[in-house]
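Trainee: Got a minute? I'd like to go through this model with you.

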Amino acid sequence: MEMWYYKFVCAARTALSPFVNTVAHRLRLEKSTREGNRMDKFVINGCRRLSGEVEISGNKNASVAILAAVSLCDEPCRIENLSQIGDVDVFMQIYEKLGAKITHIDAKTIEIDPSCIKNAEIPYKLTKLMRASYYFIGTLLGRFGRAKVCMPGGCDFGSRPIDQHIKGFEALGAAVSVEHGFIETIAKNGRLAGNSVYFDNITVGGTINVILAATKADGLTVIENAAKEPHVVDVANFLNSTGADIRGAGTDVIKIRGVPYLHGTTYGVIPDQIEAGTFMAIAAATGGDVLIKNIIPKHLESISAKLTEMGAEIISGDDWLRVRCAGRLARVNIKTQPHPGFPTDMQPQAGVLCAVASGTSVISEGVTENRFRYTEELARMGAMVKVDGKTAVFEGVENLTGATVRATDLRAGVAMVMAGLVAKGTTEVEDIHFIERGYEFLEKKLTMLGADIKRISAYKNGEETPSGQIPITAGKALKKAN
Ligand code: EPU
């Protein structure tokens with residue numbers, strides 16, 4: 001290159017760079033203000049029978065636990081079948097803060113090199129966004145002998161203590177203090193040591209967190225009264241594929257023999273049984289005929305059993321289920337329980353089924369403290385439901401009627417979408433960011449089944465535009481693989 005031309009380019013770049021940076025900064029600011037001001041909603045015209053095929057995405061709760069487990073490893077791990085959902089996005093932001101190297105392989109695959117993590121502290125603004133951030137207490141404690149993480153956020157359905165996690169960390173030799181909103185854990189002897197941990201109540205998060213902390217501890221840890229959810233098994237399978245020694249996951253006694261080193265791996269997350277269950281419920285509620293693909297039917301047995309009891313016909317194959325329903329659903333009684341019982345994460349969706357079934361149905365919540373907030377929204381659509389403590393009694397009505405309702409949390413939100421699909425007229429579901437924490441491309445999947453649903457970007461200034469789900473925004477911070 002000619003010298004004069006090179007000098008000209010350098011001078012032009014220097015002169016223009018403040019302007020370019022300012023414009024870029026303005027655009028970023030404007031975009032983030034617009035995103036901050038977004039109040040996106042779904043607009044649904046209901047009463048359509050849904051039919052066709054739907055492909056189920058990767059399991060949200062397994063994804064976040066496995067992504068956290070990667071931080072225990074000593075070599076890069078490639079995680080496949082991740083959903084493009086808000087919770088995965090938050091985890092990528094946490095990894096950035098921790099200093100890990102992230103490579104975005106494709107829309108569903110991310111490679112994380114955790115060997116460069118030096119920092120064992122996660123800021124409040126990220127942990128408050130989701131409950132599963134508490135898994136970093138187990139992993140960072142297990143790897144560095146200490147961790148400082150804010151008390152977790154997540155869906156609000158009553159008090160959600162983490163005393164059983166803390167009890168587990170203490171049993172492994174950690175000193176735990178909770179001050180100024182942070183949980184600080186320090187291994188008393190610099191390293192954790194295996195021990196017995198008995199949970200007073202079944203806890204999914206507690207079970208996974210103690211597995212994570214014990215994976216690199218010295219000696220044997222035995223967890224009794226462990227949770228048996230599919231994602232507990234998936235985390236154990238992932239860790240075993242990196243050289244961990246975990247046995248018994250999926251039963252109520254799990255044994256973990258600590259290992260010093262975890263190598264890299266490529267691992268695919270299991271399908272999301274709650275997303276699958278939601279589509280099963282939608283098929284039944286709309287009197288539809290839906291083939292649900294990429295699932296593990298065994299994980300859906302309790303949901304299949306209840307839908308069959310209500311009159312739906314369910315045919316299953318190796319990795320698919322077909323749900324067909326004609327006529328009005330029959331009444332049912334449901335009690336949510338830890339796996340393999342009926343999942344609490346399907347309780348609001350079951351509530352919509354009960355709202356339109358013939359006769360009186362009773363739902364008892366056996367896992368969480370208060371998960372019936374959605375019934376107030378459902379009542380605005382004409383449902384007849386009374387809640388007394390942990391029990392809701394539904395007098396089934398023939399029709400729900402469209403209304404403007406709110407997503408009060410993730411599963412409550414998807415239940416409102418379901419109600420909108422069933423109702424006569426137009427339903428607007430607001431605060432759909434809750435739903436997009438855990439459902440990938442919900443409106444697109446429903447549209448493919450024949451639903452009339454549109455995602456509208458609404459701004460606080462009253463402006464409204466049709467829009468699509470924002471893909472993993474962490475993509476902007478990720479390096480694209482060639
Ligand atoms: N509990 C305690 N002490 C503890 C931990 C839990 O008392 O130390 C209580 C909770 O308050 C709750 C019950 O035990 O009443 C069960 O809590 P669990 O620990 O099993 O729930 P979690 O780990 O916080 C996970 C899922 C939830 C799901 C529950 C129950 C993740 C990230 N979250 O939460 O998923 O509802 O298990 O199955 O895995 C969702 O996907 O919408 C969702 C909320």
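Mentor: We'll talk about one residue, one pocket and the cysteines.
Mentor: This is a predicted model, where local features need pLDDT of at least 70, side-chain atom pairs count only at pLDDT 80 or more, and totals for chains, interfaces and linings use all residues. Residues are numbered from 1 along each chain as its sequence is written, and side-chain values use heavy atoms, with hydrogens and water left out.

Trainee: Where does Phe-144 lie?
Mentor: Phe-144 is in helix H5, residues 135-144. Helices are DSSP runs of H or I, at least four residues, numbered from the N terminus.

Trainee: How far is Phe-144 from Ala-187 in space?
Mentor: They sit 8.8 Å apart, C-alpha to C-alpha. In sequence, 43 residues separate Phe-144 and Ala-187.

Trainee: Why does Phe-144 count as partly exposed?
Mentor: Because its relative accessibility is 27%. Buried is under 20% relative accessible area, exposed is over 50%, and partly exposed is in between (1.4 Å probe, protein chains only).

Trainee: New topic. How many disulfides are there?
Mentor: The count is 0. A disulfide needs a pair of cysteine sulfur atoms within 2.5 Å.

Trainee: Is Cys-354 buried or exposed?
Mentor: Cys-354 is buried, at 0% relative accessibility. Cys-116 is at 28%, so Cys-116 counts as partly exposed.

Trainee: And what makes up the lining of the second largest pocket?
Mentor: Its residues divide into 19 nonpolar, 19 polar and 12 charged. Here Ala, Val, Leu, Ile, Met, Phe, Trp, Tyr, Cys and Pro count as nonpolar, Asp, Glu, Lys and Arg as charged, and the others, Gly among them, as polar.

Key:
Helices (H or I, at least four residues) and strands (E, at least two) are DSSP runs, numbered from the N terminus.
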